Amino acid sequence: MATPEVRQEVLAVRTVGEPHCGGEWVDYKDSNQDRRMKSWLCLYDSGDGGVYPTLWTECGWWKIIGWAAPPNGCRIWEPSYYEITFPDGTKTKDAVFPGASGSDKAATNGSTYPCQSGPWKLWSYYGVQMKDVLGNWGSSVSATHEVTINVTCP
């Protein structure tokens, strides 16, 4: 398995009511370049004065005709780790995204934290695993991704 590269992105200020996603989808491939994971790290308004992180993923297998969904689904590693550095300098400790699965897309939410205006640095180490044609869990793609999202609270 190839060592994942770290991606960093910075976004403009948004209000807490808007989705706060770290730039565009990022695309990671395995060492054979025939399995991929597209992913996106976001922060969302909980509706009660809080903000929570979300990891969105999309899995793919290379076929002669191009990228396609894995034949028997994919899942987000359990656990997938994240760390948030809040505007006041404090950090989460031992935070995890729970596992999730789907045919070719999966999303999972982290815990909710009190809203703080300013830059939130969200770092995560995560991955997906895909089922092969026989239904066995096998191919994996992992990533380390970091985004800084400026949040304005009401």
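## Threonine 57 and its strand

Let us start inside the fold: threonine 57 lies in strand 6, which covers residues 50-63. Strands here are DSSP runs of E with at least two residues, helices are runs of H or I with at least four, and both are numbered from the N terminus. This is a predicted model, in which local features need pLDDT of at least 70 and side-chain atom pairs count only at pLDDT 80 or more, while totals for chains, interfaces and linings use all residues. Residues are numbered from 1 along each chain as its sequence is written, and side-chain values use heavy atoms, with hydrogens and water left out.

Is threonine 57 buried or exposed? Threonine 57 is buried, with a relative accessible area of 2%; buried means under 20%, exposed over 50% and partly exposed in between, using a 1.4 Å probe and protein chains only. Leaving aside residues up to four places away in sequence, threonine 57 touches Trp25, Met37, Lys38, Ser39, Ile76, Asp104, Lys105, Ala106 and Val128. A contact means heavy atoms within 4.5 Å.

## The chain as a whole

The protein chain has 15 strands and zero helices. Of its 154 residues, 44% are buried. Among contacts in the protein chain with a separation of 6 or more, 63% are between residues 24 or more positions apart.

On the outside, the protein chain exposes about 7,800 Å², and carbon and sulfur atoms supply 51% of that area. The areas come from the Shrake-Rupley method with a 1.4 Å probe; for residues, only the protein chains shown count as cover.

## Aromatic rings

A search of the whole structure gives six aromatic pairs. In one of them, tryptophan 62 and tryptophan 67 have ring centres 5.4 Å apart and planes at 75°, so the pair is edge-to-face. Rings of Phe, Tyr and Trp (its six-membered ring) pair if their centres lie within 6.5 Å; planes under 30 degrees apart count as stacked, over 60 as edge-to-face and the rest as tilted. Tryptophan 62 is partly exposed at a relative accessible area of 45%, and tryptophan 67 is partly exposed at 27%. Elsewhere, Phe86, Tyr113 and Trp120 form one aromatic cluster.

Two arginines also sit over rings. Arginine 35 lies over the face of tryptophan 61, 3.5 Å from the ring centre, and the charged end of arginine 75 is over the ring of tryptophan 137, 3.9 Å from its centre. The criterion is NZ of Lys or CZ of Arg within 6 Å of the ring centre and within 35 degrees of the ring normal.

## Salt bridges

Side chains of opposite charge can pair when their charged atoms come close. The structure holds five salt bridges, each a side-chain nitrogen of Lys or Arg within 4 Å of a carboxyl oxygen of Asp or Glu. Which residues are linked in a network of salt bridges? They are Asp27, Lys29 and Arg36.

Within that network, aspartate 27 meets lysine 29 at 3.7 Å, N to O, and arginine 36 at 3.8 Å, N to O. Aspartate 27 is partly exposed at 25% and lysine 29 is partly exposed at 34%, whereas arginine 36 is buried at 14%. Another salt bridge joins lysine 91 to glutamate 83, with the closest N and O atoms 3.8 Å apart; glutamate 83 is partly exposed at 28% relative accessibility.
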